[in-house]
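Welcome! Please take a moment to look over the sequence and the model before reading on.

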Amino acid sequence: MADDKSNRGFRDQGRVSADEEYEVRFFAKQNRITPDEVRALIREHGNDRKRLAREARKLRG
């Protein structure tokens, strides 16, 4: 299912979609990691934004 950018409800804010390249790039830039690292984190930990941010901080050291 395509991501509807006109629907900016709260339900989508807490997740990062590995299928949407712009979301992966934004999250990677925001957390100073690579897009490949973001996809690996999503595969390992799911798509919850808070959990991914916590795991990204661990990657940075």
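The report below walks through confidence, salt bridges and surface charge.

## How confident is the model?

What you see is a predicted model. Across the protein, the average pLDDT is 88, and 85% of the residues score at least 70. Among the helices, confidence is highest in helix H2 (residues 35–45), with a mean of 97, and lowest in H3, with a mean of 94.

A word of care as you explore: where pLDDT is low, the predicted coordinates should not be read in detail.

## A salt-bridge network around Arg39

The structure holds 3 salt bridges. A good place to start is Arg39, whose side chain meets that of Glu21 in a salt bridge of 2.6 Å, N to O. This pair ties together distant parts of the chain, since Arg39 lies in helix H2 and Glu21 in helix H1 (residues 21–31), 18 residues apart. Glu21 is partly exposed, because its relative accessible area is 37%, between the cut-offs of 20% and 50%.

Arg39 also meets Asp36 through their side chains, in a salt bridge of 3.2 Å, N to O. Here the partners are 3 residues apart in helix H2, so about one helical turn separates them. Asp36 is exposed, with a relative accessible area of 57%. Put together, Glu21, Asp36 and Arg39 are linked in a network of salt bridges.

## A pair within helix H3

Another salt bridge joins the side chains of Lys58 and Glu55, at 3.3 Å, N to O. These two residues are 3 apart in helix H3, so they too are separated by about one helical turn.

Are the two partners buried or exposed? Lys58 is exposed, with a relative accessible area of 57%. Glu55, on the other hand, is buried, because its relative accessible area of 13% falls under the 20% cut-off.

## A positive patch on the surface

Which residues gather in a patch of positive charge on the surface? They are Arg32, Arg51, Arg54, Arg57 and Arg60.

To find one of them in the model, look for Arg60 in helix H3, which covers residues 49–60. Arg60 is partly exposed, with a relative accessible area of 35%. That value is over the 30% needed for a residue to be part of a patch, so Arg60 passes this cut-off.

Technical notes. Residues are numbered from 1 along each chain as its sequence is written. This is a predicted model: local features need pLDDT of at least 70, side-chain atom pairs count only at pLDDT 80 or more; totals for chains, interfaces and linings use all residues. Side-chain values use heavy atoms; hydrogens and water are left out. Patches are made of residues with over 30% relative accessible area and no salt bridge: like charges are joined within 9 Å, nonpolar side chains (Val, Leu, Ile, Met, Phe, Trp, Tyr) within 5 Å. Accessible areas come from the Shrake-Rupley method with a 1.4 Å probe; for residues, only the protein chains shown count as cover. A salt bridge is a side-chain nitrogen of Lys or Arg within 4 Å of a carboxyl oxygen of Asp or Glu. Lys and Arg count as positive and Asp and Glu as negative; His and the chain ends are not counted. The place of a charge is taken as NZ of Lys, CZ of Arg, CG of Asp or CD of Glu. Helices (H or I, at least four residues) and strands (E, at least two) are DSSP runs, numbered from the N terminus. Buried means under 20% relative accessible area, exposed over 50%, partly exposed in between (1.4 Å probe, protein chains only). pLDDT is the predictor's confidence in each residue, from 0 to 100.
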